[in-house]
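Q: I'm new to this one and I'd like to know how its labels are earned. Could you walk me through them?

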Amino acid sequence: MPLYKTITVNKTTKVLIWKIEESCNELNTNVLLSNKSQIRLNSMKSQLHQRGFLSVRHLLKEVGYSDADLVYNEFGKPHLKDGKHISITHSFTFSGIVISDDKIVGIDIEKQRDKILKIAHKFTQVEEYKTITNHDALVRKLTVVWGGKESLYKIYGKKKLLFLHHIYIKDFKLCDKKTTGEIRYNDKISPYKIHFLEFEGFTCTYAY
């Protein structure tokens with residue numbers, strides 16, 4: 001089983017990343033899905049999405065949970081029945097979860113692609129990054145910014161936040177592997193720690 005990486009963030013929080021190399025049939029082996037999850041899986045037209053969905057269930061098994069332990073609220077935010085906090089992500093050939101006993105958490109995995117340059121103005125103040133002349137470095141940095149904002153959006157867990165106006169990521173160096181972020185909404189500022197790692201052309205960002 002290709003458990004790709006495990007990160008112990010602290011005593012109560014852990015990140016697990018899966019490299020998706022198996023077929024749907026292989027991933028469907030030894031995984032018991034609830035009726036609702038089976039219907040959801042069957043409705044997915046893309047095998048890439050199906051494999052991502054199933055690989056997350058294998059990650060749950062790695063930390064002692066089953067599909068039945070995972071529930072979603074009215075906003076689509078996942079929770080564990082025992083009260084622990086969880087966040088889920090998958091992108092192309094990688095999936096990941098972050099799970100915590102006592103912290104609300106968010107995680108995102110993104111493939112590093114030039115496409116992000118075209119949409120950057122929709123989620124960040126692009127002029128902040130105009131001093132970066134190296135093309136690859138700019139793509140990598142913007143991918144971290146997007147992933148950080150996506151992670152905080154998942155922490156908030158509702159649909160009203162705008163990446164450009166309500167979620168702030170403090171500037172950082174790629175070598176730092178961490179930064180901070182804030183959700184600024186309804187006259188309230190909520191600060192969070194953000195960490196990131198890069199592997200095989202992907203970026204994983206997690207926040208708490």
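Q: Why is the pair Arg 184 and Glu 182 called a salt bridge?
A: The term asks for a side-chain nitrogen of Lys or Arg within 4 Å of a carboxyl oxygen of Asp or Glu. For Arg 184 and Glu 182 the closest N and O atoms are 2.8 Å apart, so the pair fits that rule. Bear in mind that this is a predicted model, where local features need pLDDT of at least 70, side-chain atom pairs count only at pLDDT 80 or more, and totals for chains, interfaces and linings use all residues. Residues are numbered from 1 along each chain as its sequence is written, and side-chain values use heavy atoms, with hydrogens and water left out.

Q: Are Arg 184 and Glu 182 buried, exposed or partly exposed, and what makes them so?
A: Buried means under 20% relative accessible area, exposed means over 50%, and partly exposed is in between (1.4 Å probe, protein chains only). Arg 184 has 36%, so it is partly exposed. Glu 182 comes out at 22%, so it is partly exposed too.

Q: What makes Lys 141 and Asp 171 a salt bridge?
A: Their closest N and O atoms are 2.8 Å apart, which satisfies the salt-bridge rule. Lys 141 sits in helix α5 and Asp 171 in the loop between β8 and β9, so this pair ties together parts that are 30 residues apart in sequence. Helices (H or I, at least four residues) and strands (E, at least two) are DSSP runs, numbered from the N terminus.

Q: Buried or exposed: how do you classify Lys 141?
A: Its relative accessibility is 10%, so Lys 141 counts as buried.

Q: How do you know that Lys 84 and Asp 101 form a salt bridge?
A: Here the closest N and O atoms are 3.2 Å apart, so this pair also passes. Lys 84 is in the loop between β4 and β5, and Asp 101 is in the loop between β6 and β7, 17 residues apart. Lys 84 is partly exposed at 29%, and so is Asp 101 at 40%.

Q: How many salt bridges are there?
A: The structure holds nine. Lys 19, Glu 21 and Glu 200 are linked in a network of them.

Q: What makes a group of residues a nonpolar core, and which members of the largest one touch the most others?
A: A core is a set of buried Ala, Val, Leu, Ile, Met, Phe, Trp, Tyr and Cys residues joined through side-chain atoms within 4.5 Å. The largest has 25 residues, and Leu 152 and Phe 172 touch the most other members. Helix α5 gives the most to this core, with nine residues.
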